[in-house]
Amino acid sequence: MRFTLLVLIALAIALGLGGWSANRALEESAEIGTVAVGPWAANPFAGSPDADPYAKARLARLGNLTLGIGEGILFTADRDSSDAPLRRQCQYRIAGHTPPTRIWTLAPYTPEGRLIQPGAGRAGWLTSHNLMRAEDNSFAVAIGPMARAGNWLATSGRGPLVLALALYDTPASASSGVDSLSLPDIELETCFDG
């Protein structure tokens, strides 16, 4: 009986420490292969067979589907251009250009990867095909809970915010230097903390 109890304790310790160390390794290795472009970050190899084992394990844990190298690339931002955390109760302005791409989408998510539902009758994401643009093909998008004229992406609730900018069918790839791309800036306008 004592031997069985000792074996069960040893197994519990081994499984507990093994699970904790694997989770810690996945969290600490999140920066491997990640390329930053201003406030945006992407892992160009995440959807490729050459992705590192930690990236594959993180994606399996989250259950996210990734874009293959020939399909496009996903950039995310959880901070604005001045390195302040993005919050759902704040109003932001994204302005600039995107690299050449057939189509791109912009959507707000929670840090856990859930799409933020903006409310009845409002779109939860924007696509490049239905944006108003300037003569030089640049664009500006207002993001936040208050309605704005022009391009507006509604958010709701309170708490952290992650923006996802997916570029589809684009020549921007790991081989062409993702870190040399030009992506739009994210500027804080105001917050409604009341």
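**Overall fold, a buried aspartate and an aromatic pair**

Of the 194 residues of the protein, 37% count as buried. The model is a predicted one. Two helices and 10 strands make up its secondary structure elements. Their order from the N terminus is α-β-β-α-β-β-β-β-β-β-β-β. Contacts between residues at least 6 apart in sequence were also examined. Of these, 73% join residues at least 24 apart. The exposed surface amounts to about 11300 Å². Carbon and sulfur atoms supply 58% of that area.

Asp 80 lies in the loop between strand S3 (72-77) and strand S4 (90-96). Asp 80 is buried, yet has no salt bridge. The nearest side chain of opposite charge belongs to Arg 79 and is 6.9 Å away. A salt bridge needs the charged atoms within 4 Å. The side chain of Asp 80 does make a polar contact with that of Ser 82, at 2.9 Å. Beyond its neighbours within four places in sequence, Asp 80 touches Pro 39, Leu 86, Tyr 92, Ile 186 and Leu 188.

The structure holds one aromatic pair. Its members are Trp 104 and Phe 139, in a tilted arrangement. The ring centres are 4.9 Å apart, and the planes meet at 35°. The pair links distant parts of the chain, with the two positions 35 residues apart in numbering. Trp 104 sits in strand S5 (residues 103-109), and Phe 139 in strand S7 (residues 139-144). Trp 104 counts as buried because its relative accessibility is 2%, where the cut-off is under 20%. Phe 139 is also buried, with a relative accessible area of 5%.

Key:
Residues numbered from 1 in each chain as written. Predicted model: local features only at pLDDT ≥ 70, side-chain atom pairs only at ≥ 80, totals over all residues. Heavy atoms only, no water. Helix = DSSP H or I, 4+ residues; strand = E, 2+ residues; numbered from the N terminus. Buried < 20%, exposed > 50% of the residue type's maximum accessible area, 1.4 Å probe, protein only. Lys, Arg positive; Asp, Glu negative; His and termini not counted. Polar contact = N/O pair within 3.5 Å; in protein donor to acceptor, adjacent residues only side chain to side chain. Contact = heavy atoms within 4.5 Å. Phe/Tyr/Trp six-rings, centres within 6.5 Å; stacked < 30°, edge-to-face > 60°. Areas by Shrake-Rupley, 256 points an atom, 1.4 Å probe, with all protein chains shown as cover.
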